[in-house]
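Hi everyone, thanks for coming along. I'd like to walk you through one structure today, piece by piece, so please have a look at it with me.

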Amino acid sequence: MVPFAVGGPTDILGRLIGKKMAEGLGQAVFIDNKAGGGLGSDSVAKSSPDGYTLLLSTTGTHTITPNLYAKLPYDPVKDFAPVSLVVKYINILVVNPHMPVRTVSDLIALAKAKPGEVTFGSADNGSSNHLTGEMLATMTGTRMQHVPYKGSGPALNDVIAGQITFMFDQYSTVGPNIKAGKLRTLAIASRQRHPVLPEIAERMAVLGWDPVTNTPEQFSAQIKSELAVWSDVVKKSGAKVD
């Protein structure tokens, strides 16, 4: 189960994992996309606990959304059995190349000059790119308008079309558009340079992912830890469901 629309980074990763699982198991592995409002996560939480239904969860679905919504139809800790972390990634700040913005300072100046007019997209309410945008606004004392979509793909299309100002997203989706000149990179949400973006497992590395793994116990502990971290971010930013 991929809880986002086709074409986004979670979908791309899910299909890559599904292909390898099918090869290893010798049987078909189906990818089901259910985007928006926690539909995908909820359907897995309510499915039979027989090991045949897996959820490719994200920071958003399991550690941000539970802090953002007053009530969810699923419990991110009690309703799931963690298996393993799969990848680590970095969010990249991109804008339309025709925007009069070439640095983060330019973006902040624009947001201060036009309060509420600078917009940023996300894969959905509670996604990591939603809260990263909220954090930027909080840290810079600006007012920016969040625009949620049902997946990164549709949101990025609107950045490229100039319908929204900027977005944070993973290299797997923004990389090809950066290389094609359809997006401009302003910054990455990391202390280090991105390995595939020097100017600011092989297949995953090309997509900007750092393959990792851990035990179910370690993954469970990480989910609980990040729930607390994002709870603090949501409170400080005043982030709301749009």
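**A walk through the model**

Let's begin with helix 7, residues 171-179, which is mostly covered, since 7 of its 9 residues are buried. The buried ones in helix 7 are Tyr 171, Ser 172, Thr 173, Val 174, Gly 175, Asn 177 and Ile 178. Just after helix 7 comes Gly 181, and its phi is positive, near 80°. Before we go further, please keep in mind that this is a predicted model.

Now on to the sheet. For anyone new to this, strands of a sheet pair through backbone hydrogen bonds, either parallel or antiparallel. Here, 5 strands make an open sheet with mixed pairing, and their order is 4-3-5-2-6. Which strands stand at the edges? They are strand 4 (145-148) and strand 6 (184-188); each has a single partner strand, so one side of each is left without a neighbour in the sheet. From one strand to the next, the twist averages 30°.

Let me pick out two of the pairings. Strand 3, residues 119-122, and strand 5, residues 166-169, run parallel and are joined by 2 bridges. If you want to find one of the partners on your screen, look at Gly 121, whose bridge partner in strand 5 is Met 167. Strand 2 and strand 6, on the other hand, pair in the antiparallel sense, over 4 bridges. There you can look for Ile 92, which stands opposite Ile 188 in strand 6.

Here is a little puzzle about strand 6: is it largely enclosed or left open by the rest of the structure? Count the residues: 4 of the 5 in strand 6 are buried, so this strand is largely enclosed by the rest of the structure. Yet strand 6 is also an edge strand, with a single partner in the sheet.

What lies across the sheet? Helix 6, residues 152-160, lies across strand 2 (92-95), strand 3 and strand 5. Relative to strand 5, helix 6 runs at about 145°.

Next, a group of three helices: 3, 5 and 9. Two packed helices are described by the angle between their axes and the distance between the axes. We'll take the pairs in turn.

Pair one is helix 3 with helix 5. The two pack at an angle of about 55°, with their axes 9 Å apart. That angle makes helix 3 oblique to helix 5. From helix 3, the residues in this contact are Thr 59, Gly 60, Ile 64 and Leu 68, and they meet Ser 128, His 130 and Leu 131 in helix 5. By class, that contact has 3 nonpolar, 4 polar and no charged residues.

Pair two is helix 3 with helix 9. Their axes come within 8 Å and cross at roughly 45°, which makes helix 3 oblique to helix 9. This crossing of helix 3 and helix 9 is right-handed. On the helix 3 side, the contact includes Thr 59, His 62 and Pro 66, while the helix 9 side includes Ile 223, Leu 227 and Trp 230. The residues of this contact divide into 7 nonpolar, 5 polar and 1 charged.

Pair three is helix 5, residues 128-140, with helix 9, residues 216-237. They pack at about 50°, and their axes are 9 Å apart. Helix 5 and helix 9 are therefore oblique to each other, and helix 5 passes helix 9 in a left-handed crossing. Leu 131, Glu 134, Met 135 and Thr 138 in helix 5 meet a set in helix 9 that includes Trp 230 and Val 234. In this contact there are 5 nonpolar, 2 polar and 2 charged residues.

Let's zoom in on one residue from that group, Gly 60, which is found in helix 3 (residues 59-68). Is Gly 60 buried or exposed? Its relative accessible area is 2%, so Gly 60 is buried. Gly 60 and Ser 128 are 68 residues apart in sequence, but their C-alpha atoms are 5.2 Å apart in space. Leaving aside neighbours within four places in sequence, Gly 60 is in contact with Thr 65, Pro 66, Gly 126, Ser 127 and Ser 128.

Last stop: Ala 5, in the segment before helix 1 (9-25). Ala 5 has 18% relative accessibility, and because buried means under 20%, it counts as buried. The C-alpha atoms of Ala 5 and Tyr 149 are separated by 9.2 Å, although the two are 144 residues apart along the chain. Not counting residues up to four places away in sequence, Ala 5 touches Asp 11, Asn 33, Ala 35, Lys 150 and Gly 151.

That's my tour, thank you for listening!

Technical notes. Residues numbered from 1 in each chain as written. Predicted model: local features only at pLDDT ≥ 70, side-chain atom pairs only at ≥ 80, totals over all residues. Heavy atoms only, no water. Axes fitted to C-alpha atoms, helices over the stretch in contact; angles between N-to-C directions. Parallel < 35°, antiparallel > 145°, perpendicular 65-115°, else oblique. Left-handed = near helix turned anticlockwise from the far one by under 90°. Contact = heavy atoms within 4.5 Å. Nonpolar A, V, L, I, M, F, W, Y, C, P; charged D, E, K, R; others polar. Buried < 20%, exposed > 50% of the residue type's maximum accessible area, 1.4 Å probe, protein only. Pairing = 2+ DSSP bridges.
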